[in-house]
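I open this notebook to record what I looked up in the structure. The entries follow the order in which I worked.

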Amino acid sequence: MIEMINISKSYNGERQILRDLTLHIRDGEYIQIVGGSGAGKSTFLNVIGLLDRNYAGKLKIAGRSVDKISDTEISAIRCCHIGFIFQSYNLIHNMSVMENISLPAIYAKGKRPDWKKRIEEKMSALGIWHLKNQFIQYLSGGEKQRVAIARALLLDPDIILADEPTGNLDVDNANIIFETLRELHRQKKTIVMVTHNTYVASGADHIYRLADGKLYE
Amino acid sequence: MNNMGIFFKNNIMVLLRNRLRIALTIFGCSIGLLVFIIGNACMEGYFYNLYRDAYLFCNNVVLLFDGSDDTYDVLENAIKPNYSTSIYSSGDTFFVSSNKYYYNGVKVENNISYIGVNQNDFSNIILSKHNDQYFCTKSKLIYGRGITDADIQNKNHVAVVEKNTAQLLFQTDNCVGETIEVHCYYGYIELEIVGVIDTLGIHDADVLTVKKQLSQTDNKDISLYHYVYIPNTLVQEYMKDDVKEIRVLVYDENNYKEAVSGFTMIMREMDLSTGIVSRKSMLQEADEVKWNLKTTFNIIIILIITFSGLLLVTIFVFSVKERVYEIGIRRAIGASKFDILMQFMLEGMLIAVISAFFASIAGIIVCNFANTVILRFFCIKFSLGISLRLLFATFGIAALQGILFSVVPAIVAARVDPTETIRWE
């Protein structure tokens with residue numbers, strides 16, 4: 001599903017963040033990347049998530065090279081094949097829960113499902129349907145994260161990228177999130193989770209440590 | 001809910017939630033468009049009157065005017081024998097009488113200009129003057145009779161007036177049999193009114209002025225100006241020294257163009273200064289005035305709309321800076337640069353179109369109010385007209401403004417790097 005071949009990334013030509021990373025992630029695999037602050041975990045996710053295209057090396061998503069394709073094609077892949085779950089949720093505050101979750105639908109060109117029904121299904125599965133008209137600033141951390149997950153899953157992406165999804169949550173909410181990720185794993189979604197807490201990093205198919213720009217299993 | 005519905009809800013409705021910013025932007029854009037609407041409405045009203053005056057001049061008529069005896073002689077001897085013409089001449093303005101209206105004690109001074117005619121058919125061309133503008137229109141006799149050949153030949157003391165003059169002087173439409181006293185160089189002469197013609201439709205303002213002045217209670221004297229038609233021979237008899245203008249009308253339908261050429265040639269040969277007025281010349285003059293005015297106005301409008309567009313650009317660029325985080329999120333979940341570009345351009349166009357809507361409403365209100373004020377306080381029938389075409393033009397300009405002036409902020413937004421805005425940790 002994801003092939004990284006000799007990926008290197010540096011900032012301003014001086015600080016090398018990723019050094020000749022090579023990694024193959026198969027369909028349905030659950031990968032966890034651990035590392036300390038400043039190890040390059042965010043950069044790693046930005047590259048896989050096609051947000052940062054200023055790197056050296058080769059990257060393939062679903063067997064297709066994405067190094068030199070247009071911004072429109074990249075955006076289409078990000079929209080329909082990749083779901084992001086951020087530690088700080090990254091929800092838009094002057095929108096309601098429903099509006100945040102339905103945002104990817106605007107950019108899903110060609111897809112014409114019953115969006116209302118689909119949104120309702122995702123929200124109900126995460127137990128947040130009753131919050132549909134609430135604005136984001138009135139939600140708790142756990143509720144926000146579930147909204148973010150619902151948004152990430154709206155278009156049924158093949159790849160889920162998660163950065164410390166439970167970093168700002170209490171134990172109960174964290175467990176809900178983990179259970180959701182496990183369920184996604186059971187549904188054969190490819191999951192890449194980044195964390196700096198090794199205790200949390202369990203249940204994955206593979207765990208890698210990112211240090212000095214390299215991955216160690 | 002389809003993609004468009006989600007787009008509308010997520011983009012448009014969310015945009016409108018930032019009320020203060022949107023209100024300021026709409027206000028700024030509306031000002032420019034409002035100036036455009038009111039300016040055009042004023043011009044439309046002005047041009048309407050300008051062209052109306054021109055079209056009130058009969059199409060097959062040419063007017064020459066000059067005050068010299070030489071011109072009169074040439075007209076009598078060279079032009080009249082060869083062309084179907086009617087020669088008018090006019091006298092000075094005379095103080096006629098001071099009429100006191102009983103019901104509010106206002107002293108009314110009537111000033112009458114006499115136009116000497118040598119025709120006897122008032123269903124044909126009538127020459128009149130209003131605010132230094134000549135009008136050549138057709139009217140009809142509604143009471144009494146016209147001025148006959150016998151009246152002209154015998155220099156009878158008769159007169160024909162317009163209906164509104166009859167109203168003002170005698171408070172009745174049918175004033176046949178009434179007399180007007182004229183004070184001229186030779187003394188007082190009385191004229192009997194023998195006929196009333198339909199109002200030529202250009203002196204409405206006089207009626208309004210009178211009504212307004214009569215409604216005032218400060219008992220100021222008011223002056224009214226009328227035009228009365230009398231036999232040309234009377235003018236020659238009693239008012240020759242005071243004749244200001246001699247006017248010749250050509251209304252030969254068969255050789256109108258030849259007649260004009262003939263006049264012009266004769267006048268030039270005689271080295272006589274004269275003016276030729278026709279509907280064509282009046283329209284040409286109106287076209288020139290219109291072109292000059294419109295050009296000046298459009299330049300001003302372009303500057304104003306550009307200024308309000310720059311306001312839109314400034315506010316939008318600030319908006320982009322504020323919404324960098326939102327843009328990053330949208331990019332992360334699948335928006336391409338083009339999607340972001342289109343979003344901001346559509347927002348710009350939407351704001352501009354909403355501005356056009358408010359400007360149109362405000363324009364209609366302002367114009368209606370102005371029309372009422374102008375009519376009531378200045379007694380001028382000058383209508384500020386807002387046509388459907390003007391409204392369409394307003395919306396078109398607004399849409400164009402919205403697109404043009406949101407391009408730069410949209411490009412700025414599309415270039416936002418999502419990796420710098422999304423908070424991973």
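In which helix of chain A is confidence lowest, and in which is it highest? I note beforehand that the model is predicted. I found the lowest confidence in chain A in helix α7(A) (residues 171–186), with a mean of 84, and the highest in helix α3(A) (residues 97–101), at 91. For chain A I recorded a mean pLDDT of 86, with 97% of its residues at 70 or more.

**Entry: the sheet of chain A**

I traced an open sheet of 6 strands in chain A, in the order β6-β7-β8-β3-β9-β10 and with mixed pairing. Strands β6(A) (82–85) and β10(A) (214–216) stand at its edges; each has a single partner strand, so one side of each is left without a neighbour in the sheet. From one strand to the next I noted an average twist of 20 degrees.

I then examined individual strand pairs. Strands of a sheet pair through backbone hydrogen bonds, in either the parallel or the antiparallel sense. Both senses occur around strand β9(A): with β3(A) the pairing is parallel, over 4 bridges, whereas β9(A) (residues 206–211) and β10(A) run antiparallel and are joined by 3 bridges. On the β3(A) side, I33(A) has Y208(A) of β9(A) as its bridge partner. Towards β10(A), I found A211(A) opposite K214(A) and L210(A) opposite L215(A).

How many residues lie between β9(A) and β10(A) in their hairpin? I counted 2, and in that turn D212(A) has a positive phi of about 55 degrees.

**Entry: helices on the sheet**

Helix α1(A) (residues 41–48) lies across β3(A) (30–34), β6(A), β7(A) (159–163), β8(A) (190–195), β9(A) and β10(A). I recorded its direction at about 160 degrees to β8(A). Helix α2(A) (residues 71–81) also packs on the sheet, where it touches β6(A) and β7(A); its direction makes about 70 degrees with that of β6(A).

Which residues of α2(A) are buried? I listed I74(A), S75(A), I77(A), R78(A), C79(A) and C80(A). These buried residues pack against β4(A) (56–61), β5(A) (64–65), β6(A) and α4(A) (103–107), together with α10(B) (324–332) of the other chain.

**Entry: positive phi**

Most residues other than glycine have a negative phi, and I looked up two exceptions. N6(A) has a phi near 50 degrees; it lies in strand β1(A) (residues 2–11) and is partly exposed, at 43% relative accessibility. K155(B) has a positive phi of about 55 degrees. I placed K155(B) in the loop between α4(B) (149–154) and β7(B) (158–162), where it counts as partly exposed at 35% relative accessibility.

**Entry: aromatic rings and charges**

Over all chains I counted 3 aromatic pairs. One of them joins F357(B) and F358(B), with 5.7 Å centre to centre and 70 degrees between the planes. The pair is edge-to-face because an angle over 60 degrees falls in that class. Are these two rings' residues buried or partly exposed? F357(B) is partly exposed, with a relative accessible area of 44%, and F358(B) is partly exposed at 45%.

I closed with lysine charges over rings. The charged end of K132(A) sits over the ring of W129(A), 4.6 Å from its centre. In chain B, I found the charged end of K290(B) over the ring of F47(B), 5.5 Å from the centre.

Definitions and conventions
Residues numbered from 1 in each chain as written. Chains lettered and ligands numbered in written order. Predicted model: local features only at pLDDT ≥ 70, side-chain atom pairs only at ≥ 80, totals over all residues. Heavy atoms only, no water. Phe/Tyr/Trp six-rings, centres within 6.5 Å; stacked < 30°, edge-to-face > 60°. Buried < 20%, exposed > 50% of the residue type's maximum accessible area, 1.4 Å probe, protein only. Lys NZ or Arg CZ within 6 Å of the ring centre and 35° of its normal. Pairing = 2+ DSSP bridges. Axes fitted to C-alpha atoms, helices over the stretch in contact; angles between N-to-C directions. Contact = heavy atoms within 4.5 Å. pLDDT = per-residue confidence, 0-100.
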